[in-house]
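Please work through the exercises below with the sequence and the model at hand. Each task is followed by a stepwise solution.

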Amino acid sequence: MEYLPIFINIKNERTLVVGGQEKAFEKIELLLKAGSKVTVVASNICKEIAELKANGHITHHEELFSEDKLKGCKLVIVTTSKGSLRMDVVKKAKENEIPVNVIDFPDLCTFTMPSIIDRSPLLLAVSTSGHSPTMTRIIRSRLEAMLPLAYGRLSLLVGTFRKSVQNSLQNKKERRYFWNRIFSSPIIEMFLSGKEQEAGRILKNEIDTIGQSTQSIGQVCLVGAGPGDPDLLTLRALRLIQNADTIVYDRLVFPKIMQYAREDAELIYVGKKSANHTVPQDQINQKLVDLARQGKMVVRLKGGDPFIFGRGGEEIEMLMESGIDFQVVPGVTAASGCSTYAGIPLTHRDYAQHCVLVTGHLKEDGTGLNWESLVQPHQTVVFYMGLSNIKKVSSELIKHGMSPEMLAAIVQKGTTRNQKVFTGTVAELPEIVDKNDIKPPALIIVGNVVKLHQKLVRAGFDNQILD
Ligand SMILES: C[S@@+](CC[C@H](N)C(=O)[O-])C[C@H]1O[C@@H](n2cnc3c(N)ncnc32)[C@H](O)[C@@H]1O
């Protein structure tokens with residue numbers, strides 16, 4: 001280990017920055033955040049530092065650096081571009097045994113400043129000991145993405161109960177077990193989904209009743225898994241899948257996504273095919289309630305977005321009626337994912353000013369859809385579940401005034417490595433399905449925007465599809 005990572009308390013302590021430009025400003029901001037009284041020595045200061053000075057946040061000396069400026073300083077940061085000044089400050093700081101950091105000169109530093117992820121009071125520091133700032137930055141941004149902003153407030157909440165838990169559980173091992181249980185319980189997700197007061201109340205109750213057997217609290221998270229490509233999962237969806245005790249999932253959830261589940265997670269398949277319900281909806285609803293009542297952190301994983309032709313509304317109704325805590329996490333819906341990966345913008349200034357998402361799952365007589373409203377100029381119509389009624393879709397659109405020559409596309413298994421895009425006219429749709437033996441899942445896009453598919457594909461449009 002080249003350096004010892006430590007966190008220094010500089011609240012109300014003096015620190016010195018030698019240099020007055022942008023880099024100095026970045027460091028001054030950090031020092032001020034940590035509560036330090038900052039002195040800046042620089043003949044010229046940038047606009048931002050001048051503003052700090054005008055607002056009384058810093059002390060500024062225009063005159064040359066002299067050793068007396070180091071008096072009482074806990075740290076020195078040097079950003080000046082003047083070589084002789086730099087060397088002088090470093091020499092004096094070392095003689096006075098004051099830690100010194102020189103930006104861009106790791107060999108002159110007695111301490112380095114890590115890249116930080118600030119979820120105060122939670123702080124994460126990343127450093128390559130000055131070897132690769134780029135690598136530090138990349139790792140930092142990955143960690144940033146993994147840590148919800150609410151983690152700071154969560155650590156404050158947990159901190160307020162630390163003493164009570166210490167008083168109730170004298171044994172260190174028992175305390176660790178208690179906190180592990182809390183951190184893998186739905187209380188944390190409840191907090192992160194914005195129900196902070198409720199989570200605090202339940203946590204307090206857990207602490208007040210340590211040693212007594214209480215009913216565990218479960219939660220159901222209705223999570224949109226997107227149309228296929230696992231890279232399209234939201235950060236929250238990924239975190240929930242990785243933490244779930246049980247995942248209840250659909251046929252449309254891409255198998256690779258299930259690999260993010262914990263090894264010991266229980267995986268329950270409730271996939272259903274149109275008109276052939278493997279597990280009836282009311283049984284799925286009941287299952288979710290039962291699992292949550294066992295105190296489990298349940299993820300109900302659905303293809304696309306749970307609220308777009310996903311029956312998410314029905315599932316949360318039952319959860320609400322049963323008093324089960326829940327949250328809904330949106331996902332990339334098939335219309336958005338498939339059209340993008342196929343190079344078909346759903347709206348375009350020249351071709352479509354509105355876009356309608358409709359179900360092609362029709363009643364026997366084709367009723368249930370307002371066909372007139374679907375045949376409008378400058379409009380894109382996206383049919384979900386339209387494959388089995390493709391003849392009806394094609395004929396009803398034409399019957400209600402759409403030109404048989406209107407362009408249409410079918411995107412099969414969109415966003416996956418097996419994605420296929422077929423284009424033709426509205427009149428040709430049934431034939432395209434027959435001839436190519438197209439199987440679900442497939443999305444039908446109707447409108448002049450389909451012209452752009454040919455253009456974008458010719459221009460080499462190609463999305464990065466993972467499976
Ligand atoms: C029951 S709906 C579920 C829609 C989902 N909730 C969403 O937001 O995408 C199923 C239909 O979505 C469309 N679909 C879902 N994933 C798809 C994919 N990867 N490629 C093409 N169509 C897809 C198909 O039309 C399929 O029949």
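The exercises concern a nonpolar core, the ligand shell and two backbone features.

This is a predicted model, in which local features need pLDDT of at least 70, side-chain atom pairs count only at pLDDT 80 or more, and totals for chains, interfaces and linings use all residues. Residues are numbered from 1 along each chain as its sequence is written.

**Exercise 1.** Determine which residues have the most contacts inside the largest nonpolar core.

Solution. A nonpolar core is a set of buried Ala, Val, Leu, Ile, Met, Phe, Trp, Tyr and Cys residues joined through C-beta atoms within 7 Å. The largest has 37 residues, and those with the most contacts inside it are Val382, Ala408, Ala409, Val411, Leu443, Ile444 and Ile445. A second, separate core of 33 residues includes Val253, Val298, Val299 and Val328.

**Exercise 2.** Explain where the ligand lies with respect to domain 3 and domain 4.

Solution. First, 23 residues surround the ligand, and Gly304, Gly310, Thr333, Ala334 and Gly414 are the closest. A residue is counted here if its C-beta atom, placed from the backbone, lies within 6 Å. Next, domain 3 (219-332) and domain 4 (335-458) both contribute to this shell, so the ligand lies between them. The domain bounds come from an automatic or database domain assignment.

**Exercise 3.** Is threonine 415, which has a positive phi, buried or exposed?

Solution. Phi of threonine 415 is about 70°, although the residue is not a glycine. Buried means 20 or more other C-beta atoms within 10 Å, exposed 12 or fewer, and partly exposed in between, with C-beta atoms placed from the backbone. Threonine 415 has 27 C-beta neighbours inside 10 Å and therefore counts as buried.
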